[in-house]
Amino acid sequence: MGSWFSRPPPNSPPPPSPLPLPPSPLPPPFPSPPPPPLPPPPPSPPPPSPTLLPPPPPLPPPSPPPPPPPLPPPSPLPPSPSPAPPPLPPPSPPPSPSPSPQPPALSPQPLPPPPLPPPTPLPPPPSPLPPPPSPSPPPPPPPPPPQSTTVAPDGRCAEVTASAAAASRLAHPHPCSIGLVGAIGDSLTTAVNMDCDGAGCAGMAEWFELAWAVGSSARDDSCDASCGWLWWQEGCANNGVCNEPAQTTGKCEAGTDCSDCGGCSRAARTLPNLLGEACASGAVLGASTGGGGARGLNVAQSGARAKEALTQAVGLVAKAESLLGGAAYATTWKLVTMLLGGNDLCNVCSDGGDVSADEYAAKMRRAFETLAAVPRLVVNVPLHADYTQLAGVDWGFFGNLYCDVLLAIVCPCMGNWASDLAVARQRVGEYNGKLVELVAEFNGDAHASTRGQGTTFIVQPFAQHTVFSATHLVSDDCFHPSAAGQELLARGLWNNLLQPAGEKASSVEEGEALLCPTADAALS
């Protein structure tokens, strides 16, 4: 019996030869379940890929993945005065879901970098160190206590004694520590014609003992036979005021009641007399009691100009050394008033460069250099008044004609010509500016090595804006201060001496009260 594998009958057709396999199966004409997959050939080992994962099975439409847990905030850095390092960038947000139904293959996200260790705080920048405790300049003196008060109604300061602290100062002494006074200047300081009238002014008499800066005489107000009713004699009004200066002619001042002036006398309002009244220490050396040998240390010369400042300064120093002698010259406080330049200003509209402000400063500098070397010296440097006021004094019709002619002779640039007055007024301001500069320079460090112990220069501005155009303040010579004008100058200088620097008045009036020193006052 034949089998399934027996040979075919001999007459049967030969079996068809097998067809070659198509390169790829064609899709079936009708959909049918796919045949079971053929077993793949043995796969070759895939290349190593540490980062790829097998594709995941299809996922339903993804929902937004939950946000990653927030990273812990970096620990706060300790405060430091140095700027903090820039903050770490925040973690990148999760990728937004793709609109495609098939999500891209996921790849492992890079791990965030490990948190940086907190930076080591930088040392704070070096702060300004306090000044080392090495030797430093002495501290400035404490502000002086209230050092001046209004005088009593009788116009006199109560006597005062300098406190122990004030008496031992090495600079800015107490007013009552002054032991010597002197003056440098021109006819304003020799008190020319302070009490002349009419033709008597031609004699150009000098009244050293009543000069504002250095006079010390009492005023003799007694009346004599020269006070009468005739036109050349002064009339006397019943006002009870005693104000006649001591003089050989012995005439009364206008307005004096001669009947009750018998034996009446008082000290003139001058700087030395004001010092003597306020200080229990009494009178000072150097004050003038008269002309000639009695003029003391008033070395001013009528008609002097700035070029003579050095000569006067040298002469004053020599006289002070001779008067004090020995060790007293170095230990005695000295007070000198220096006002020069009025006669230069009288010629600023005609003398050209010789009276320029720079030339004036160069001439005055020589006197400053001489005085700066003197120990324990306080130098008053008053500023110039506006002398052009003299052209505006109203003397009446005939008096104005007389004064216009006289001023044109004795002080040409102060006459009543507008162009000259403008030049003179400008130059007054320039001269004052140079004096301020010189005072600052000689008080400064540039002259510290040549300046005497305690020596200082002080600008006294009381005359700068004072009105001198009232007839009773000007002598009948139309130019110089009268007796009342001299006392007004002394009052202004005295008050400036007691006013602290930066608070000094630049004008003074007759009715203004005098200031009086306390036990701790200082000249500044």
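Q: Which residues of β5 are buried on the side that holds Lys334?
A: In this predicted model, strand β5 spans residues 333-339, and seven of its seven residues are buried. Both faces are covered, with Trp333, Leu335, Thr337 and Leu339 on one side. The other side holds Lys334, Val336 and Met338.

Q: Which residue stands opposite Lys334 of β5?
A: Strand β2 (residues 178-185) and β5 run parallel and are joined by seven bridges. Lys334 is placed opposite Leu180.

Q: What is the bridge partner of Leu335 in β6?
A: β5 also pairs with strand β6 (residues 377-382) through four bridges, and these two strands run parallel. Within β6, Leu335 is matched with Val378.

Q: Which residues is Phe368 in contact with, leaving aside its neighbours within four places in sequence?
A: The largest nonpolar core has 89 residues, and Phe368 is among the five that touch the most other members, with Ile184, Met364, Leu371 and Phe457. One contact of Phe368 is Met338, a residue of β5 that is buried. The full set is Met338, Val381, Leu438, Val439, Phe442 and Phe457.

Q: Is Phe398 buried or exposed?
A: Phe398 lies in helix α7 (residues 397-410). With Phe397 and Leu401, Phe398 forms a nonpolar patch on the surface, with about 390 Å² of accessible area together. Exposed means over 50% relative accessible area. Phe398 has 65%, so Phe398 is exposed.

How values were computed:
Residues are numbered from 1 along each chain as its sequence is written. This is a predicted model: local features need pLDDT of at least 70, side-chain atom pairs count only at pLDDT 80 or more; totals for chains, interfaces and linings use all residues. Side-chain values use heavy atoms; hydrogens and water are left out. Patches are made of residues with over 30% relative accessible area and no salt bridge: like charges are joined within 9 Å, nonpolar side chains (Val, Leu, Ile, Met, Phe, Trp, Tyr) within 5 Å. Accessible areas come from the Shrake-Rupley method with a 1.4 Å probe; for residues, only the protein chains shown count as cover. A salt bridge is a side-chain nitrogen of Lys or Arg within 4 Å of a carboxyl oxygen of Asp or Glu. Buried means under 20% relative accessible area, exposed over 50%, partly exposed in between (1.4 Å probe, protein chains only). Two strands pair if DSSP finds at least two bridges between them. A nonpolar core is a set of buried Ala, Val, Leu, Ile, Met, Phe, Trp, Tyr and Cys residues joined through side-chain atoms within 4.5 Å. Contact means heavy atoms within 4.5 Å.
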